[in-house]
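Visitor: I have the sequence and the structure open. Please take me through one strand and its neighbours.

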Amino acid sequence: MAKPDELANPLREGIRLRRTPEPCAMAIFGASGDLTERKLVPALYYLTRERLLPAGFSVIGCSRTPYTHEQFREKMRHAVTEHLRLPGDESEAFVGSFGKGVFYISDNFGDAAAYDQLKALLDQLDQERGTGGNRLFYLSTPPSFFPVIVQHLGATGLAKPKLLGETWTRIIIEKPFGRDLASARDLNRVVTSVFAEEQVYRIDHYLGKETVQNLLVFRFANGIFEPFWNRRYIDHVQLAVAEDLGVENRGSYYEEAGLLRDMIQNHVLQLLSLVAMEPPATFEATAVRDEKAKVLRSVRPIPLDRVNEFAVRGQYSEGWVGGQKVPAYRAEPKVSPASTTETFAALKLYIDNWRWADVPFYLRSGKRLPKRVSEISIQFRGVPHLLFRGAGAEGIEPNVLSLRIQPNEGITLKFCAKLPGTTMQIRPVQMEFRYGDSFGAVPPTAYETLLLDCMLGDATLFNRDDAAELSWELMEPVLERWKQDDSTGLAFYEAGTWGPAEADAFIERDQRHWMRL
Amino acid sequence: MQKTQTLALGEPRPVNLAALEAELSALWRSAAEDPSARDVVTRACALTLLAYVESEEEGRQASNLIRLVTEQNPCRAIVIIAEPHAAPAGLTASLSAHCHLAAMGGKQVCCEQITLRARGEAVENLDNVVLPLTVSGLPVHLWWRASRFAPPAYVDQILRVADHLIVDSTRFANPETDLRDLATWLQGSSRPLAVTDLNWARITPWRELLAQCFDSSERRPYLDRLTEVRIEYEQESARLVTQRAQSLLLAGWLASRLGWVFLEQSAPAESGLHRFLFRSGERPVRVESVARRFEGGGSGVCFSIELKADNSSPAVFSLTRGPDGRVVQTHAEVLGLAPVGRAVRLEVLEEVEILNEELMLASRDRIYEETLNMVARLTGSNN
């Protein structure tokens, strides 16, 4: 057998060539769903077109809808042209070429014969399109199917690499990864009984966003920030993920999930761990994920009987968003008129370690807020002694470093400056860096980044089993208490506002206020 | 798209360094105080870009490109127009500013440009003028935009403080000679310097696509079985020199990466044909580079490269860009495997797009340096 360095491709040497994965095929379970059409296939199309995927790369859609290869191909061609990232990117040459690598298998996810058929098609693609025996499975079905699919993949022998040591097999699991700690543990148990942990990529598309990745660069590639990144200089941290949309047509899902499960348990806690983590030993998956898990382990658990001190929940009522009148959550399709599901949540967490002791982290997320914006704000402590008295001091505000994740990704630092003139008047000013202005280039979408990372075997931006369970563990008391309280404590806010008044009171109790987003 | 405006600030006048700096300060002060200005003016500078040209017309072209460069790479630009054979001798300078509104409105970001015109023997003093004008603490990039690569002594002095030399072998009148001269100069350079050839950057996607052909473990062994490489480019187009230089760089890259030993260049058997003979172990390898007519061609974007393995296990790998200029068809045929082909995007990039990227990524490129050395060997055999 050839040694690995004998198989290295000498044409790949050189820093300027981009990383491209080995030849492979990808099977998407739940391929007739919205995610495949809106995100996954357009991402794969761009990666192919931009020469980032290997020649012969093939996609197999697996779903219950009975399509032929050609029908599914046509649907995906339509998806590509409908969901272009950049206008004018469709070209028959590219779309047609991409379409040649698209296949379909009708599968109700519980039928062993369909997995045999999938195995045969994958083998055929290895022969015909040179996909090299490398396989990526993507679970984009409703979560209840995850265990069934995983077990069938195991039973058919598809979970193991085709040639041990020479080919790879990986699986991406979409969120939600469980609906509470017990179900997350159960799912982990099933998944890891079939796949080795290093084969498993739990996806949270938030981690594929450029600004989220830039957070690591910002913290660990700049010497000037790290010395201030601790309890000595930071007063508190706010993490906000606001959406102007309601639940759209996901009423029945949302009734089961609620905002805490949908946003805080995954996206917001991921952001928290990146903001608060210690510098990893290397920028490799294990080291980065170790540090992220350490943060979650250090978060002070919220006692069941004190949940209301640390969390607020709300639900939107009728209101106006973007000039349009929108219904109350309880009037949305497939939502109970007496629903107590939260569409807004605010939490205060403490991280009990040397770096962050006593620094509150305020987490806030909601639906039907005035605009779609995600931002991390680090508010620094005030100066130890105020020199400027009287009128001059009125304009003094604390320094705030804001990392905008979406939209208009960028970084802003607010500091005080003297207004020109003979009197001492002070006003806050902002120093601003915007990705779009500074680099011009349109960054890849989160799914493009994450799919490529997975094919390259880089799990840095994916969630590990321990982190998935730890984040559920932190949410357990809140979920339990809110379930017990039912409608007691559920505050209402008018759609198009920044959440219930109770949320303002929640942070004002600490003599702080929410950042204006 | 940002809207960029260039403001000329006064007529060219004899160089007086102290006065130049004072004028620059006055320029920014007046811009900040202008009550009619709708937006705040912000001066931005991340690097010094020195552009070296040899005529007034090339100076204008460079200025137009710098205007676009400043949108992504805010800098102090110094355009050096050196005309050693022009009269009367003298050195003059003029100032201008490139301003653009940041996307989403708001601040007007401006960068300054100093244009130096040196005629006759005054060119000998250029280094003394240019060096004090570089911005302290920021990287210095020298963009060599002349038709030959032959830096005179005063440019050598500038290169001693530069971090990055940018050339474009497209602009070389005779790429065979100038690439060789560049290789020789680089070997003799006393300090490590990042060197970028914009034409090398143009072929990066081609190299990437060729590398992809051999990524799978089934196809990787064919790299050690290659016996023929044929590169074809358009005979009749304004981009003939660009493509000729590209074909040389591709041949040099393949040979250097695959450890081929250069034997000889056989005399051109037909118009535009270059044939290089190599040895890889016991196996002979022939590389041909030929200019020919392409159907629908003429714009200089058609290009193809084909790699063949020996008869014992025949295989063909090819990349072809047609007159459309955006689409490259890839094709791979290996004995025992079904042929695989696809279409990928590979647009012809404008000079300014590549320049902007190279300014951001400036670093030494060992692969380019080894390629250049191989090109020097290939082209040296002619002389």
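Visitor: This is a predicted model. What makes strand β5 (residues 169-173) of chain A count as mostly covered?
Guide: Five of its five residues are buried. Buried requires 20 or more other C-beta atoms within 10 Å of a residue's own, so each of the five meets that cut-off.

Visitor: Which residues of β5(A) lie on which side?
Guide: Thr169(A), Ile171(A) and Ile173(A) lie on one side, and Arg170(A) and Ile172(A) on the other. Both faces are covered.

Visitor: How do you know that β4(A) and β5(A) pair?
Guide: Pairing takes at least two bridges, and strand β4 (residues 135-139) of chain A shares five with β5(A), so the two strands pair. The sense is parallel. One of the bridges links Arg135(A) with Thr169(A).

Visitor: Why is β6(A) also called a partner of β5(A)?
Guide: Three bridges join β5(A) to strand β6 (residues 200-202) of chain A, and the cut-off is at least two, so this counts as a pair. These strands run parallel. Ile171(A) has Val200(A) as its bridge partner.

Visitor: Which helices make β-α-β units with these strands?
Guide: Helix α6 (residues 146-155) of chain A does so with β4(A) and β5(A). Helix α7 (residues 181-194) of chain A does so with β5(A) and β6(A). The α6(A) unit is right-handed, and the α7(A) unit is right-handed too.

Visitor: What confidence does the predictor give the complex?
Guide: The ipTM is 0.84 and the pTM is 0.80.

Key. Residues numbered from 1 in each chain as written. Chains lettered and ligands numbered in written order. Predicted model: local features only at pLDDT ≥ 70, side-chain atom pairs only at ≥ 80, totals over all residues. Buried ≥ 20, exposed ≤ 12 C-beta atoms within 10 Å, placed from the backbone. Helix = DSSP H or I, 4+ residues; strand = E, 2+ residues; numbered from the N terminus. Right-handed = clockwise from strand over helix to strand, strands pointing away.
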